[in-house]
Amino acid sequence: MNKNRKSRNFMQLSPGWNAFSNATAALFSLLCVFPFLFVVLISFTDEKTLATNGYRLIPEKWSVGAYSYVFETGDMLLKSYGVTILITVVGTLLSLFMISLYSYAISRKSFKYRRFFSLFAVFTMLFNGGMIPTYIIVTQVLGLKDSLWALIWPLAMNAFYIMILRTFYMTSVPDAIVESGKIDGAGEFKIFYRLVLPLSLPGLATIGLFSTLGYWNDWFNALLYIDDPNKVPLQSMLMRIENSMSFIQQNSANSSISLEVMQSLPQDTARMAMVVLATLPIIFAYPFFQRYFVSGLTIGSVKE
Amino acid sequence: MNKGKGRLALIAAMLAIVLVVGACGNNGGNESADGAEETAELIWYTIGTPQKDVTAVMDQVSAYTKEKINATVTMKMIDWGDYQQKMQVNVASGEPMDIIFTSAGGFDYVQNVRKGAFLQIDELLTEYGQGIVDTIDPGFLEGSKVDGHNYGIPANKELPQQEVWRFNQNLLDKYDLDIGKVRSLESLEPLMATIKANEPNVTVFGMDKNHVPYVPYDYLITNLPMAVKLDTDDYKIVNILETDEMKQALATMRKYYQAGYISPEAATVGSTSDLTLSGNWFVDRAQTQPLADNQWSATYGYPVVSTPASDAIITNTSVQGSIMAITANSEYPEKAMEFLNLLNTDPVLRNMVDSGIEGTHYEKIDDNRMRNLPEAKNYDMPSYSLGNNMLLNLNENDPDNKWDVFKEFNAEGVASPILGFNFDSANVSTQMAAIQNVKEQYWSALMTGTVDPDEYLPTALEAFKQAGMDEVITEAQAQLDEWVAEAK
C-alpha cells in the first residue's frame with residue numbers, strides 16, 4: 001500500500017500541482033490565441049459600429065461586409081494567394097533540395113573541402129553586401145526584376161539552416177550507417193537518398209517548416225523586386241496596405257492627398273479580414289510538418 | 001599548395017558563371033537602348049496604388065506624345081507606403097528612370113536634391129520648358145529652388161496652406177451656433193462649452209497625436225521646434241516652445257483638456273478617421289484648399305463647414321507638396337523636359353494621364369466637364385501628383401469657376417519669410433537625432449494638453465537643450481543669415 005503510493009507519487013504530479021500546471025499552460029495558450037481570435041471577431045464587426053463603439057469582444061452588430069468587400073474587390077487577393085502558394089511550394093522544395101545536399105556534403109568527414117565550404121557558408125552569415133549591392137546583383141546581373149524567381153532564389157539558400165542540418169546529420173546519422181551502405185555496394189547518391197534522407201526526416205521537416213514560414217511571410221523581397229501588381233504575394237500586399245495607411249495618416253495635413261486617397265483604402269474591418277484570410281492557410285502547415293517530428297529512429301540501428 | 005589551387009579554381013569557376021550571367025543581363029538592357037536614336041522611351045515613376053489599366057492608358061499617351069514630341073512613356077506606380085524606400089533603392093542602384101515624383105512628404109525633395117538624385121534643370125527649363133514658366137504660378141518655381149537652382153517642376157495647384165476649423169454642421173444647426181466670430185483657439189470656447197453640456201457622448205475637439213496648436217511661425221523642419229516668426233524682420237530662429245504664443249496656446253489646450261473637450265486618447269491616437277466616419281465630433285482643425293468643404297461633406301456623408309484659423313501662407317512644405325523631377329541618370333533629359341512641358345500645358349495629355357481613355361474610363365458631358373464611367377475604378381489616379389491641376393476637366397458637380405477660385409486662393413497667399421530656405425542639417429545630424437527623440441517623448445503630450453505645461457514645459461525645454469538645441473539653432477541661424485544676405 002505504502003509502496004504503491006510512493007511509486008505513483010514518483011511518476012506523476014500531485015493533483016494540486018497538476019491543476020496548477022494545466023491552468024498555467026491554459027492561460028499561456030489563451031494569451032497566445034487571444035489576439036488572433038480578437039482579429040477574427042473584429043473582422044466580423046460592422047464597420048460603423050466599430051467606429052462608434054471601438055473594438056469590442058462582442059460587437060453590437062455583426063457583419064460579413066468586410067469579407068464580401070475583400071472578395072468583391074478581391075481578384076487582387078486571389079492572385080496574391082496564387083503567388084504566395086506558388087513561391088512557398090516551389091521555394092520550399094528548392095531550398096530543401098539545395099540545403100540538404102550542401103549540408104550533407106559538409107557533414108561527411110571524408111569530404112576534402114568540407115572546411116572551406118563550411119566557412120564559405122558561415123561567411124555569408126557574418127558578412128553580406130548590403131541592400132543596394134544585393135539589389136543590383138538581383139536586378140541587373142541576374143535580371144530577375146519583376147520575376148517570381150526574385151522571390152524564390154534569394155531565400156533558397158540559408159547558411160543558418162545549413163548549419164542546423166549539418167549538425168543534425170552529424171549527430172543523428174552515424175558514420176557506421178554510411179559505411180554499411182558502402183559495404184553493400186551503394187554509390188554516394190544511393191547512400192544519400194536511401195539511407196541518410198529517411199533517417200533525417202525530422203531535421204528536414206524542421207528546415208522545411210522554417211523555410212515554408214519564411215516564404216509565406218516574406219514581404220521585403222517583393223517590396224524591392226516586384227512592381228507588377230499581379231505578382232505581389234499576400235504578405236507584401238498586406239504590408240503595402242498598412243504602409244500606405246500610415247503614409248497617408250502622416251501626410252493627412254496635405255489635404256489633397258488625404259481627401260482623394262482615404263476613400264480608396266480598405267476600412268479597418270476589411271484589413272482584419274485580410275489578415276484572417278492570410279493567416280488561416282499557414283496554420284495548417286504546422287500539423288502537416290508535425291508528423292515528421294518523430295525522434296529515435298536510429299536507436300538500435302548501430303551497435304557502438 | 002594543392003589545396004590553394006583547388007580554391008583558386010573554384011573561385012575562377014564562380015566568377016566565370018557570374019560573368020556569363022552578367023553578360024546575358026547586359027544584352028537584355030542594350031536592346032531597349034538601340035531604338036533610342038529614333039524615339040525616346042521615358043520611364044516615369046510616380047506615387048499611388050498601382051492601377052490595372054496603367055499600361056493601356058500609357059499606350060494611348062505614348063501614341064499622342066510620339067506624334068507631338070517623338071517620345072513614348074512608361075509609367076510605373078509604386079504604392080504610397082513603399083514609395084520612399086523603393087525610390088531610395090532605385091536611385092542608389094542606378095535603375096533606369098527619367099521622371100520621378102518627389103515631395104516634402106514622400107521621397108523628400110530637398111534631401112534628395114542634396115544627395116544628387118535629380119538633375120539641375122535651370123537651362124532645360126529655359127530651353128524646353130517655356131510653357132511651364134508661362135503657365136504655372138511663379139511662386140511654385142521660386143519656392144522650390146534649392147540653393148538657388150531648380151530641380152523639379154511643382155504641380156500647379158493650391159499654393160499657400162491655410163489652417164481652418166472644421167465643424168460638424170449637424171451639431172451647429174442643432175444648437176444654433178454661429179461660427180462667424182471664430183478664429184483663434186480661444187474663440188472656440190463658448191461653442192465647445194455648449195456642445196459639452198448638451199452632448200456628453202460627442203468628442204468636442206477632435207485631434208490625433210500629430211496635432212500642434214497653430215501659432216504664426218514657420219517651422220524650419222515640419223514638427224521640429226525650430227521656427228521663424230511669420231512677420232519677422234530680423235530672421236531670428238527660435239525654439240517654438242519658448243515663444244509666448246505657444247505658451248499661451250499650450251495653456252489653453254490644457255484648459256480644454258481638463259474641461260473634457262479633448263479626448264484622453266488624443267496624445268496616442270494616430271488618426272481621427274473613427275470620429276469622422278461616425279460623425280461623433282464637433283470641431284477639429286485641418287488644412288484646407290478651395291472647395292474643401294464640399295469634398296469633406298461628400299466624403300463623410302454629412303455636412304461639414306469650415307472657417308479660417310490662420311492666414312494663407314506660402315511655405316516650403318506647401319510649395320513642395322508635389323514635384324516632378326528629372327533624374328540625374330536620365331538618358332533623355334531634354335525629352336523628359338519636353339514631356340513635362342507638354343504635360344503641364346496641354347489639356348488633352350493632362351486629362352488622359354489623369355482620367356484615362358475617353359469612352360472607357362470617362363465620358364465628356366460638355367466642353368470641360370466629365371463623368372467617370374464604371375471602368376474608372378481601374379484607373380483611379382491621385383491628381384495632385386501628376387502635374388498642372390488647373391488643366392483638368394471639371395467633375396459633374398464641380399462649380400464652373402473651380403480653377404478661378406484656386407487662382408484667387410493662390411493670389412491671396414502670403415509668402416513666408418523663409419520661403420525657399422532649406423536648412424541643411426548635415427553638420428548637426430547627431431543633435432538632430434537627439435532632438436527627434438526628445439520630441440517623441442514630450443511633443444504629443446504637451447500639444448494635446450494631456451500634461452500640465454507649467455510642470456512639463458520646463459522639463460521639455462531642458463531636455464531639448466541637453467539634446468543640443470542651441471547648437472542646431474546656431475547652425476541654422478548661420479545658414480539663414482547667409483541665405484538672407486544672398487537673397488538681398
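## Helix α2 and a nonpolar patch of chain A

A:L30 lies in helix α2 of chain A, which covers residues 15-43. In this predicted model, A:L30 also contributes to a nonpolar patch on the surface, with an area of about 760 Å². The other residues that make the patch are A:L27, A:L31, A:F34, A:L57, A:I58 and A:W62.

An α-helix has 3.6 residues a turn, so residues three or four places apart point the same way. The patch includes A:L27, A:L30, A:L31 and A:F34.

## Helix α8 and its cover

Helix α8 of chain A spans residues 149-156, and its buried residues are A:A150, A:L151, A:I152 and A:A156. Several helices of chain A take part in covering these buried positions, including α5 (75-107) and α7 (131-141). Also among the covering elements are α12 (201-217) and α13 (220-225) of chain A.

## Chain A as a whole

Chain A contains 17 helices and 0 strands. Of its 304 residues, 39% are buried. Considering contacts in chain A between residues at least 6 apart in sequence, 74% link residues at least 24 apart.

The exposed area of chain A is about 17,200 Å², and 68% of this area is supplied by carbon and sulfur atoms.

## A three-stranded sheet in chain B

In chain B, 3 strands are arranged as an open, antiparallel sheet in the order β7-β8-β9. Strands β7 (217-219) and β9 (237-239) of chain B form the edges, each pairing on one side only. On average, neighbouring strands of this sheet are turned by 45° against each other, direction ignored.

Strand β8 of chain B (residues 226-229) is joined to β9(B) by 3 bridges, and the two strands run antiparallel. Within this region, B:V228 has B:I237 of β9(B) as its bridge partner. Helix α19 of chain B, formed by residues 469-487, lies across β8 and β9 of chain B. The helix runs at about 160° to β9(B).

## Chain B as a whole

Chain B has 19 helices and 17 strands. Its C-alpha atoms fill a box of roughly 80 × 75 × 50 Å along the principal axes. Buried residues account for 53% of the 488 residues in chain B.

Among contacts in chain B with a separation of 6 or more, 76% are between residues 24 or more positions apart. Chain B exposes about 21,400 Å², of which carbon and sulfur atoms supply 49%.

Notes: Residues are numbered from 1 along each chain as its sequence is written. Chains are lettered from A and ligands numbered from 1 in the order in which they are written. This is a predicted model: local features need pLDDT of at least 70, side-chain atom pairs count only at pLDDT 80 or more; totals for chains, interfaces and linings use all residues. Side-chain values use heavy atoms; hydrogens and water are left out. Helices (H or I, at least four residues) and strands (E, at least two) are DSSP runs, numbered from the N terminus. Buried means under 20% relative accessible area, exposed over 50%, partly exposed in between (1.4 Å probe, protein chains only). Contact means heavy atoms within 4.5 Å. Accessible areas come from the Shrake-Rupley method with a 1.4 Å probe; for residues, only the protein chains shown count as cover. Two strands pair if DSSP finds at least two bridges between them. Axes are lines fitted to C-alpha atoms, for helices over the stretch in contact, and angles run from 0 to 180 degrees between N-to-C directions. Patches are made of residues with over 30% relative accessible area and no salt bridge: like charges are joined within 9 Å, nonpolar side chains (Val, Leu, Ile, Met, Phe, Trp, Tyr) within 5 Å. A salt bridge is a side-chain nitrogen of Lys or Arg within 4 Å of a carboxyl oxygen of Asp or Glu.
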